[in-house]
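Please open the structure in your viewer and keep the selection panel at hand. This tour moves from place to place, saying at each stop what to select and what can be found there.

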Amino acid sequence: MTVTIVGSQLGDEGKGALVDLWGGAADVVVRYQGGDNAGHTVVEGGDEYKLSLVPSGAVRGKVGILGNGCVVNPRTLFDEIDTLRKRGLEPDVRVAERAHVIMPYHRALDGIEEEAKSDSDLDAGTTGRGIGPTYEDKAGRRGIRVGDLLDPAVLRDRLDYVVPQKRALVEEVFGLDAGEAFDVDALHEEYAAIGERLAEEGMTVDSGQYLHERHEAGDELLFEGAQGTSIDIDHGIYPYVTSSNPTAGGAAVGSGVGPTVVGQGEVVGIVKAYLSRVGTGPLPTELTGTDEPLADHIREKGGEFGTVTGRPRRIGWLDVPMLRHAARANGFTGIAVNHLDVLAGLDEVKVGHAYAFDGDEIETVPTTTEQWARCEPVLKEFEPWPEVDWTAVAEAGYEAIPENARAYLDYVSTAVGVPIYAVGVGPDRAETIELHDPFER
Ligand code: GDP
Ligand code: IMO
Ligand code: MG
């Protein structure tokens with residue numbers, strides 16, 4: 001069967017931790033969208049791994065697939081694999097030949113366009129990894145795919161077409177100097193060599209075919225979503241979004257496994273018990289003004305600084321309309337709620353239960369981001385729960401969670417209409433309380 005892990009909010013919900021927890025029962029872990037904009041953390045016995053491209057199952061020695069829906073920067077992929085090898089892991093990563101390659105000019109263009117947009121507040125606060133420009137070229141049918149790196153003549157043809165256009169864009173539209181990132185010969189030399197390394201190490205696959213065979217043979221597939229529903233290009237707060245579909249439908253399109261297969265499996269939404277946001281755009285439940293000291297406290301306690309960029313994350317109360325929207329768009333069968341420990345010991349705990357919007361009370365997210373910006377949260381207050389020894393709680397199980405925190409969890413589960421499969425009370429694998437293993441149906 002399949003289990004699909006999806007971010008319910010704005011990314012960084014702790015997806016890596018749950019992929020690691022349930023990855024024990026999986027045979028293959030599959031990323032289906034995004035690229036090295038992701039930063040997924042796995043902590044096992046105190047050892048912390050930060051993974052951007054290598055699927056989080058690597059920590060348990062599982063085969064990792066980067067599906068056709070991913071955008072792959074081979075430089076950062078090899079760096080990450082080398083770093084993990086130095087730490088004693090042997091990541092077995094296969095890259096879809098249909099996946100698109102993030103080229104150096106994509107990264108350069110990401111920075112240039114963010115800068116240009118910043119005058120009109122349209123910059124998304126991207127990770128600068130070239131994600132948007134690569135998906136643009138994919139949709140514009142001028143992208144370079146992993147399979148193209150394996151054939152130097154094809155690679156040459158692709159570069160000859162696209163690079164002069166990009167160079168002209170930089171020089172003539174933006175009036176900037178285009179550097180080495182826009183040099184066809186230099187790019188061809190480096191990327192043909194990368195193609196050779198991929199071929200030598202047997203790292204490329206037809207992801208749909210490979211996963212089909214594994215699934216037919218009875219193997220368990222775990223899909224590892226990156227980012228989150230509210231920064232999905234279709235279902236998120238456009239234009240402050242990423243350029244792919246983190247939502248569960250992306251697992252089919254971005255891997256080549258049919259939607260009927262993904263739909264027969266479980267789809268688990270990962271929920272952070274509050275909100276964190278590392279980019280721009282509105283955020284109705286954001287803790288600002290007199291609540292800033294509270295935001296600072298949560299940020300420090302939760303370590304809310306970008307895994308990829310180190311930027312301090314914006315903090316808000318749990319936004320329940322956002323979760324209802326996510327539950328519907330993804331078809332959640334269950335959720336995991338993380339970071340319950342971070343909210344412990346506060347004087348007050350609130351959630352945005354609904355929005356006040358132009359005189360109405362609404363329970364889900366409006367379609368345009370301008371409308372979303374006009375939403376004021378309708379807050380609901382919960383009895384706070386005390387700081388406790390969370391490691392001991394994790395050992396003892398769900399019933400050991402303070403009663404007020406369990407009331408909070410019950411409320412969240414009822415609001416999204418699905419059961420809770422796991423509760424995170426700390427970053428370590430041992431600090432996740434499992435109520436139900438989605439692979440055991
Ligand atoms: P991802 O991108 O969704 O995988 O999440 P990140 O790794 O970017 O951010 C989540 C951070 O919170 C990481 O540092 C995790 O180790 C940590 N984390 C995960 N679950 C919990 C939890 O339940 N409690 C606490 N305190 N930290 C957690
Ligand atoms: P994980 O997988 C949180 C945000 C960026 C920016 C927007 C577009 O770790 O949850 P991009 O570089 O993708 O073009 O940036 O999306 N963003 C993330 N925020 N977690 C992530 O990944 C993110 N990946 C991208 O901050 O607002
Ligand atoms: Mg992250």
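In what follows, Ala, Val, Leu, Ile, Met, Phe, Trp, Tyr, Cys and Pro count as nonpolar, while Asp, Glu, Lys and Arg count as charged, and the others, Gly among them, count as polar. Please bear in mind throughout that this is a predicted model.

**Stop 1: the cavity**

Rolling a probe the size of a water molecule over the atoms shows where empty space is left. The structure holds 1 cavity of 30 Å³ or more, and about 40 Å³ of space lies in the largest cavity. To find the place, select Val72, Pro74, Leu77, Val95, Val101, Val146, Leu149 and Leu198, which line the largest cavity. Which classes of residue make up this lining? The lining divides into 8 nonpolar residues, with no polar and no charged ones. If you now colour the helices, you can see that α2 (74-86) and α5 (146-149) each supply at least two residues of this lining.

**Stop 2: the largest pocket**

Next, turn to the largest pocket, in which about 790 Å³ of space lies. Its lining has 41 residues, and a good selection to begin with is Ala124, Thr126, Val241, Thr242 and Ser243, which are the closest to the centre of the pocket. The elements that give two or more residues to the lining of the largest pocket are α3 (104-118) and α4 (131-139), and the largest share, 6 residues, comes from α4. By class, the lining of the largest pocket divides into 16 nonpolar, 15 polar and 10 charged residues.

**Stop 3: ligand 2**

Now select ligand 2, which sits in the largest pocket. Ligand 2 is surrounded by 22 residues, of which the closest are Lys15, His40, Ala124, Thr127 and Thr242. By class, this shell has 8 nonpolar, 10 polar and 4 charged residues.

Which side chains should you show in order to follow the polar contacts of ligand 2? Begin with Asn37, where an N or O atom in the side chain is 2.9 Å from an oxygen atom of ligand 2. Then add His40, which has a polar side-chain atom 2.7 Å from an oxygen atom of ligand 2, and Thr127, where an N or O atom in the side chain is 2.6 Å from an oxygen atom of ligand 2. With the surface switched on, you can consider how much of the ligand is covered: the protein covers 98% of the 550 Å² of accessible area that ligand 2 has on its own.

**Stop 4: the second largest pocket**

Move on to the second largest pocket, which has a volume of about 530 Å³. Select Gly14, Thr41, Gly302, His339 and Pro427, since these are the closest to its centre among the 28 residues that line it. The elements that give two or more residues to this lining are α1 (15-23), β3 (40-44), β4 (47-51) and α11 (292-302). By class, the lining of the second largest pocket divides into 5 nonpolar, 13 polar and 10 charged residues.

**Stop 5: ligand 1**

Ligand 1 sits in the second largest pocket, and the elements that give two or more residues to the shell around ligand 1 are α1 and β3. The largest share of this shell, 3 residues, comes from β3. In total, 20 residues surround ligand 1, and the closest are Lys15, Gly39, Thr41, His339 and Asp341. By class, the shell has 4 nonpolar, 10 polar and 6 charged residues.

Here, please show the backbone atoms too. A polar backbone atom of Gly14 is 2.9 Å from an oxygen atom of ligand 1, and a backbone N or O atom of Gly16 also lies 2.9 Å from an oxygen atom of ligand 1. For His339, a backbone N or O atom lies 2.8 Å from an oxygen atom of ligand 1. The protein covers 94% of the 580 Å² of accessible area that ligand 1 has on its own.

**Stop 6: the backbone**

Most residues other than glycine have a negative phi, and most peptide bonds are trans. With this in mind, select Asp12 in the loop between β1 (2-7) and α1; Asp12 has a positive phi of about 60 degrees although it is not a glycine. Then select Arg141 in the loop between α4 and α5, where Arg141 has a positive phi of about 60 degrees, although it is not a glycine either.

Finally, select Pro239, which lies in the loop between β10 (221-224) and α9 (249-253). Is the peptide bond from Tyr238 to Pro239 cis or trans? The bond is cis, with omega near 5 degrees.

Definitions and conventions
Residues are numbered from 1 along each chain as its sequence is written. Chains are lettered from A and ligands numbered from 1 in the order in which they are written. This is a predicted model: local features need pLDDT of at least 70, side-chain atom pairs count only at pLDDT 80 or more; totals for chains, interfaces and linings use all residues. Side-chain values use heavy atoms; hydrogens and water are left out. A residue is near a molecule or strand if one of its heavy atoms lies within 4 Å of it. A polar contact is a pair of N or O atoms within 3.5 Å; within protein, one must be able to donate a hydrogen and the other to accept it, and residues adjacent in sequence count only if both atoms are side-chain atoms. Accessible areas come from the Shrake-Rupley method with a 1.4 Å probe; for residues, only the protein chains shown count as cover. On a 1 Å grid over the protein atoms alone, a cavity is a set of points where a 1.4 Å probe fits but cannot get out, and a pocket is an open set with protein on both sides within 12 Å along at least five of seven lines; lining residues have an atom within 4 Å of a point. A molecule sits in a cavity or pocket if more than half of its atoms lie within 2 Å of its grid points. Grid points are joined across faces, edges and corners, and a volume is the space filled by probe spheres set on the points. Helices (H or I, at least four residues) and strands (E, at least two) are DSSP runs, numbered from the N terminus.
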